[in-house]
Amino acid sequence: MALTFVLGASGAGKTEWIYKKALQTAKEHPTRTVLVIVPEQFSFDTERAMLSFLGPAALKNIDIFSFTRLALDSLKNTPYFTKNIPDE
């Protein structure tokens with residue numbers, strides 16, 4: 001598992017590179033899930049853009065997460081996570 005930070009100026013092609021790299025990795029490892037982590041405010045827009053760029057079949061093992069959603073997804077199968085949050 002690798003973590004890659006993609007940095008660069010506006011218009012440098014970062015987004016297209018991420019889409020292509022996610023697709024390439026998903027094809028090379030069809031049994032694994034590729035995670036794309038984006039800021040909270042961009043998660044829905046990124047999912048929509050990747051869907052139109054790559055198509056629905058390509059997204060079967062690519063997940064787009066915000067940091068919050070990644071944390072919740074990571075904790076949901078642990079004893080520390082409860083679905084019932086007590087009122088104060």
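These legends walk through several close-up views of a predicted model.

**View 1. The whole chain, read from start to end.**
Before zooming in, it helps to have the overall layout in mind. The protein has 88 residues, and 20% of them count as buried. Its secondary structure amounts to 3 helices and 2 strands. Following the sequence, you meet these elements in the order α-β-α-β-α. A search of the whole structure turns up 4 salt bridges, and some of the views below show examples.

**View 2. The largest pocket and the residues around it.**
This view is centred on the largest pocket, whose volume is about 1200 Å³. The pocket is lined by 27 residues, and those closest to its centre are A2, L3, T4, L35 and V36. Three elements each give two or more residues to this lining: α1 (14–28), β1 (34–38) and α3 (67–75). Which of them supplies the largest share of the lining? Helix α1 does, with 8 residues. By chemical character, the lining splits into 18 nonpolar, 6 polar and 3 charged residues.

**View 3. L3 and a nonpolar patch on the surface.**
L3 is worth a second look, since L3 is also among the residues closest to the centre of the largest pocket. L3 sits in the segment before α1. Is L3 buried or exposed? Its relative accessible area is 66%, so L3 counts as exposed, given that the cut-off for exposed is over 50%. Together with F5 and L7, L3 makes a nonpolar surface patch of about 440 Å².

**View 4. E16 and K20, a charged pair within helix α1.**
Here we move to helix α1, the element that gives 8 residues to the lining of the largest pocket. Side chains of opposite charge can pair when their charged atoms come close. E16 and K20 form a salt bridge in which the closest N and O atoms are 2.7 Å apart. Both residues belong to helix α1 and are 4 residues apart, about one turn of the helix. E16 is partly exposed, with a relative accessibility of 40%. K20 is partly exposed as well, at 46%.

**View 5. D45 and R48, a charged pair within helix α2.**
Helix α2 covers residues 43–54 and holds both R48 and D45. These two residues are 3 residues apart, about one turn of the helix. What distance separates the closest N and O atoms of the R48 and D45 salt bridge? They are 3.9 Å apart, and the cut-off for a salt bridge is within 4 Å. D45 has a relative accessible area of 39%, so D45 counts as partly exposed.

**View 6. D73 and K76, a salt bridge further along the chain.**
In this close-up, the side chains of K76 and D73 meet in a salt bridge, at 2.9 Å from N to O. K76 is partly exposed, and its relative accessible area is 44%. D73, at 31% relative accessibility, also counts as partly exposed.

**View 7. I64 in strand β2, with V38 and E47 for company.**
I64 is part of strand β2, which spans residues 62–66. Is I64 buried or exposed? I64 is buried, because its relative accessible area is 5% and buried means under 20%. Although I64 and V38 are 26 residues apart along the chain, their C-alpha atoms are separated by 7.2 Å. E47 can be viewed alongside I64: these two are 17 residues apart along the chain, with 6.3 Å between their C-alpha atoms. E47 is located in helix α2. With a relative accessible area of 33%, E47 is partly exposed.

**View 8. F44 in helix α2, shown with S66.**
The last view returns to helix α2, where F44 is found. F44 is exposed, with 56% relative accessible area. Between F44 and S66 there are 9.2 Å in space, C-alpha to C-alpha, while in sequence they are 22 residues apart.

How values were computed:
Residues numbered from 1 in each chain as written. Predicted model: local features only at pLDDT ≥ 70, side-chain atom pairs only at ≥ 80, totals over all residues. Heavy atoms only, no water. 1 Å grid on protein atoms, 1.4 Å probe; cavity = no way out; pocket = protein on both sides within 12 Å on 5 of 7 lines; lining within 4 Å. Points joined across faces, edges and corners; volume = space filled by probe spheres on them. Nonpolar A, V, L, I, M, F, W, Y, C, P; charged D, E, K, R; others polar. Patch = residues over 30% accessible without salt bridge, like charges linked within 9 Å, V, L, I, M, F, W, Y side chains within 5 Å. Areas by Shrake-Rupley, 256 points an atom, 1.4 Å probe, with all protein chains shown as cover. Buried < 20%, exposed > 50% of the residue type's maximum accessible area, 1.4 Å probe, protein only.
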